[in-house]
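Thanks, everyone, for making time this morning. I would like to walk slowly through one structure with you, so please keep the view open as I talk.

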Amino acid sequence: MSFVSNAQRGVRIGYIDTEYILENIPEYQEASAQLEQKVQQWKTEIEQRLADIDSKKKQLNSESVLLTKELYEERLEDISFEEAEILDYQQKRFGPNGDLMIQKQQLIQPIQDQIFAAVQEIADGKKYDFIFDKSADVVMLFSAERFDLSELVIRSITRSAKRTQAKSRADRKKAAKEDVVPVANKELDERQKAIDDKKAAREAQIAERQAAQLKRRDSLKAAAAARRQKIIDERAKAKAERDSANTAKNTPTAERAKNTKEQDSTKAKTNTGTKTPAQIAEEKRQQKIKDREERKKALEERKRKILEARKKAKEEREAQKKKTDSVPDDN
């Protein structure tokens, strides 16, 4: 008789619309608004940090001609490191396992549990054989409104909420101070703990990397300063040599001849008392030859130094030009 009765009754089928139910749950809407506000704060923060990175890149490009290759690469590496940090932060917030997905899951999980409990209660009370979710992957080509159980589910959840209204309100106030949504269960607690541990490890790694980067930057600055000082000293030395050579070159010939004659006269006066006139004349001739050879050697030496200084200056200009041409131009 039971079998015949069930056969005569036929199969009872109903469906619900989860999206419609969520839109009519005040607690869900309030938590969704808070979550959306926090998402907007995250987006604003990321956009501002990316804008700062773009500004630093433009400034580096404009100053690239004034920087050495080492300082340029150092600043570019710092900018790349900051950019990687921002992308990592963006992935942490909006990635597949980011804070947004976790908090959405925490937000919707309690409501889904309530919807499931209400569906079970309605199905048992009204003897439904099948209840589908219209907003799920099941394709419903047609659905009559008389089989829509969404309002029944909302009323069931509302009745359950009224029975624990005072407790829920206190819990909601407490949760609002702590975070957007409360943690749903122990599994979510463990997941959040794992995320916190991963975050702490990542922050420690970033701090260690920044310390190493700072140390390397200081060493590069010290080496660059030493190289600059060496170049300045070499240039000053070359300039002094050029000035000395130019001064000697510009000294009048008559004055040099006069100095030589005076030296010869002094030597002659010194040796007159012990030498014959022929010896004195021969010594003067030998002294003139010696002085001529010395002047010739001095001129050749100054000429050689001038040529070396010019060659060195040319090599420095060519090296500076190559260094300037090797700086990358992002524009």
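Let me start with a question: which side chain meets that of Lys312 in a salt bridge? The partner is Glu234, and the distance between the two side chains, taken from N to O, is 3.9 Å. If you look for these residues along the chain, you will find Lys312 in helix H10 and Glu234 in helix H8, 78 residues apart, so that the pair links distant parts of the chain. As for how they sit at the surface, Lys312 is partly exposed, with a relative accessible area of 35%, and Glu234 is partly exposed as well, at 29%. Before I go further, I should say that this is a predicted model, and please keep that in mind for every value I quote.

Now let us step back to the overall layout. The chain has 331 residues, and 21% of them are buried. It is built from 10 helices and two strands, and if you read along the sequence, the order is α-β-α-α-α-α-β-α-α-α-α-α.

Let me return to the salt bridges, of which the structure holds 12. One of them joins the side chains of Glu83 and Lys57, at 3.3 Å from N to O. Glu83 belongs to helix H4, whereas Lys57 belongs to helix H3, which covers residues 26-63, and therefore the pair ties together parts that are 26 residues apart in sequence. Both count as partly exposed, Glu83 with a relative accessibility of 25% and Lys57 with 31%.

A further salt bridge brings together the side chains of Glu77 and Arg216, at 3.0 Å from N to O. Here Glu77 lies in helix H4 and Arg216 in helix H8, so this pair ties together parts of the chain that are 139 residues apart in sequence. The relative accessible area of Glu77 is 34%, which makes that residue partly exposed, and Arg216, at 39%, counts as partly exposed too. Besides these pairs there is also a network of salt bridges, in which Glu301, Arg304 and Glu308 are linked.

With helices H8 and H10 still in mind, we can turn to the empty spaces in the model. How many cavities of 30 Å³ or more does the structure hold? There is one, and the volume of the largest cavity is about 30 Å³. Its lining consists of Glu241, Arg242, Ala245, Lys305, Ile306 and Ala309, and helix H8, residues 186-249, and helix H10, residues 277-326, each supply at least two residues of that lining. Sorted by class, the lining of the largest cavity has three nonpolar and three charged residues, with no polar ones.

The second largest pocket has a volume of about 610 Å³. It is lined by 21 residues, and those closest to its centre are Thr68, Ile231, Arg235, Gln320 and Lys323. Helix H4, which spans residues 69-94, together with H8 and H10, are the elements that give two or more residues to this lining. Which of the elements gives the most to the lining of the second largest pocket? That is H8, with seven residues. By class, the residues lining this second largest pocket divide into nine nonpolar, eight charged and four polar.

Finally, let me move to another part of the model, around the strands. Gly10 sits in the loop between helix H1, residues 2-9, and strand S1, residues 13-16, and with a relative accessibility of 27% Gly10 counts as partly exposed. What I would like you to notice is that Gly10 and Asp129 are 119 residues apart in sequence, and yet their C-alpha atoms are 9.5 Å apart in space.

Phe130 lies in strand S2, which runs over residues 130-133. Is Phe130 buried or partly exposed? Since its relative accessible area is 44%, and partly exposed covers the range between under 20% for buried and over 50% for exposed, Phe130 is partly exposed. Phe130 also takes part in a nonpolar patch on the surface, formed with Val11, Ile13 and Phe132, and together these residues have about 360 Å² of accessible area.

That is where I would like to stop, and I am happy to go back to any of these places in the view.

Note on methods:
Residues are numbered from 1 along each chain as its sequence is written. This is a predicted model: local features need pLDDT of at least 70, side-chain atom pairs count only at pLDDT 80 or more; totals for chains, interfaces and linings use all residues. Side-chain values use heavy atoms; hydrogens and water are left out. Patches are made of residues with over 30% relative accessible area and no salt bridge: like charges are joined within 9 Å, nonpolar side chains (Val, Leu, Ile, Met, Phe, Trp, Tyr) within 5 Å. Accessible areas come from the Shrake-Rupley method with a 1.4 Å probe; for residues, only the protein chains shown count as cover. A salt bridge is a side-chain nitrogen of Lys or Arg within 4 Å of a carboxyl oxygen of Asp or Glu. Helices (H or I, at least four residues) and strands (E, at least two) are DSSP runs, numbered from the N terminus. Buried means under 20% relative accessible area, exposed over 50%, partly exposed in between (1.4 Å probe, protein chains only). On a 1 Å grid over the protein atoms alone, a cavity is a set of points where a 1.4 Å probe fits but cannot get out, and a pocket is an open set with protein on both sides within 12 Å along at least five of seven lines; lining residues have an atom within 4 Å of a point. Grid points are joined across faces, edges and corners, and a volume is the space filled by probe spheres set on the points. Ala, Val, Leu, Ile, Met, Phe, Trp, Tyr, Cys and Pro count as nonpolar, Asp, Glu, Lys and Arg as charged, and the others, Gly among them, as polar.
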